[in-house]
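Dear colleague,

I am handing over the structure you were going to look at, and below it I have set out what was found, going slowly from one part to the next. Please keep the picture open while you read, and look up each place as it comes.

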Amino acid sequence: MSKRISIYRKEHFNAAHRLNSDLLSAEENARVFGKCNYPNYHGHNYELIIKVTGEVNPVTGYMIDMKVLSDMVKAEVIEKFDHKNLNLDTNEFKNLNPTAENIAMVIYDKLRSKLESTYDLKVILYETERNYVEYPA
Ligand code: NI
């Protein structure tokens with residue numbers, strides 16, 4: 001019988017952003033992104049859920065050490081993005097529109113590169129209580 005199991009780690013960060021595409025006119029940006037296009041930025045309270053799936057180690061009974069995972073999420077994501085202006089203060093979004101979709105993909109890539117390949121990874125990011133994305137789909 002498979003001993004695969006999933007664990008979830010919840011984290012939280014606050015960050016400011018502005019959604020804008022250089023490929024669109026000012027009018028198109030305003031229409032597509034609405035309030036998120038306002039020029040002087042605005043904040044979101046991002047809720048982040050990291051899902052890791054793998055086999056339970058029969059010796060430890062652990063699938064992954066939660067402390068190791070939480071330290072990884074803090075170092076790779078929270079310390080880089082919390083209380084930052086994503087457009088201005090981070091290299092990741094200097095040339096990438098900081099939509100929830102793109103933020104989730106960036107976070108996934110960061111953690112994927114640190115996690116052993118035997119683990120499956122999923123990132124769920126809430127931009128508001130009602131709007132959230134999941135990557136990979
Ligand atoms: Ni916004």
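**The nickel site**

In sequence, the donor residues of the nickel ion follow the spacing H-x18-C-x5-H-x1-H. Please bear in mind throughout that this is a predicted model. The residues behind that spacing are His17, Cys36, His42 and His44, which coordinate the nickel ion at 2.1 Å, the three histidines each through NE2 and the cysteine through SG. The angles among the four donor atoms run from 92 to 136 degrees, and the site is classed as irregular. Why is the site irregular? Four donors count as tetrahedral if all angles lie between 85 and 135 degrees, and because the angles here reach 136 degrees, the site does not meet that condition. One of the donor residues, His44, has a relative accessibility of 13%, and it counts as buried because buried means under 20%.

**The protein as a whole**

The protein has four helices and five strands, and when you read along the sequence they come in the pattern β-α-β-α-β-α-α-β-β. Along its principal axes, the C-alpha trace spans about 60 × 25 × 25 Å. There are 137 residues in the protein, of which 40% count as buried.

**The largest pocket**

The largest pocket holds about 210 Å³ of space. Its lining is made up of Arg18, Asn20, Ser21, Asp22, Asn87, Phe93, Lys94, Asn95, Leu96, Asn97 and Pro98, and these lining residues divide into three nonpolar, five polar and three charged.

Two of these residues, Ser21 and Asn97, can be followed further. Ser21 is placed in the loop between strand 1 (4-17) and helix 1 (26-33), and with a relative accessible area of 18% it is buried. The side chain of Ser21 reaches the backbone nitrogen of Leu23 at 3.1 Å. Asn97, for its part, is found in the loop between helix 3 (86-89) and helix 4 (100-112), where its relative accessibility of 17% counts as buried. What does the side chain of Asn97 reach? It reaches the backbone nitrogen of Asn20, at 2.9 Å, and Asn20 is itself among the residues that line the pocket.

**Backbone features to look up**

Tyr41, which is not a glycine, has a positive phi of about 70 degrees. Tyr41 sits in the loop between helix 1 and strand 2 (42-55), and at 29% relative accessibility it counts as partly exposed. His83 also has a positive phi, near 60 degrees, and is likewise a residue other than glycine. Is His83 buried or exposed? His83 lies in the loop between helix 2 (66-81) and strand 3 (84-85), and with a relative accessible area of 62% it is exposed.

A further feature is the peptide bond from Tyr135 to Pro136, which is cis, with omega near 0 degrees. Pro136 belongs to the segment after strand 5 (132-135).

**Places toward the end of the chain**

Leu125 lies in strand 4 (residues 120-126) and, with a relative accessibility of 0%, counts as buried. The C-alpha atoms of Leu125 and Ser2 are separated by 29 Å, while the two residues are 123 residues apart along the chain.

Glu129 is in the loop between strand 4 and strand 5, and its relative accessible area of 77% makes it exposed. Which separation goes with Glu129 and Glu47, 82 residues apart along the chain? Their C-alpha atoms are separated by 8.5 Å.

Glu134, in turn, has its place in strand 5 and is partly exposed, with a relative accessible area of 41%. Glu134 and Ile49 are 85 residues apart along the chain, and their C-alpha atoms are separated by 9.3 Å.

If you would like a place to begin, you might start at the nickel ion with His17, Cys36, His42 and His44, and then turn to the largest pocket, where Ser21 and Asn97 are among the lining residues.

With best wishes

Technical notes. Residues are numbered from 1 along each chain as its sequence is written. This is a predicted model: local features need pLDDT of at least 70, side-chain atom pairs count only at pLDDT 80 or more; totals for chains, interfaces and linings use all residues. Side-chain values use heavy atoms; hydrogens and water are left out. Donors are N, O and S atoms within 2.8 Å of the metal (3.2 Å for Na, K and Ca); water is not among the atoms, so sites may look incomplete. Four donors count as tetrahedral if all angles lie between 85 and 135 degrees; four count as square planar and six as octahedral if opposite donors are over 155 degrees apart and all others between 65 and 115; anything else is irregular. Buried means under 20% relative accessible area, exposed over 50%, partly exposed in between (1.4 Å probe, protein chains only). On a 1 Å grid over the protein atoms alone, a cavity is a set of points where a 1.4 Å probe fits but cannot get out, and a pocket is an open set with protein on both sides within 12 Å along at least five of seven lines; lining residues have an atom within 4 Å of a point. Grid points are joined across faces, edges and corners, and a volume is the space filled by probe spheres set on the points. Ala, Val, Leu, Ile, Met, Phe, Trp, Tyr, Cys and Pro count as nonpolar, Asp, Glu, Lys and Arg as charged, and the others, Gly among them, as polar. Helices (H or I, at least four residues) and strands (E, at least two) are DSSP runs, numbered from the N terminus. A polar contact is a pair of N or O atoms within 3.5 Å; within protein, one must be able to donate a hydrogen and the other to accept it, and residues adjacent in sequence count only if both atoms are side-chain atoms.
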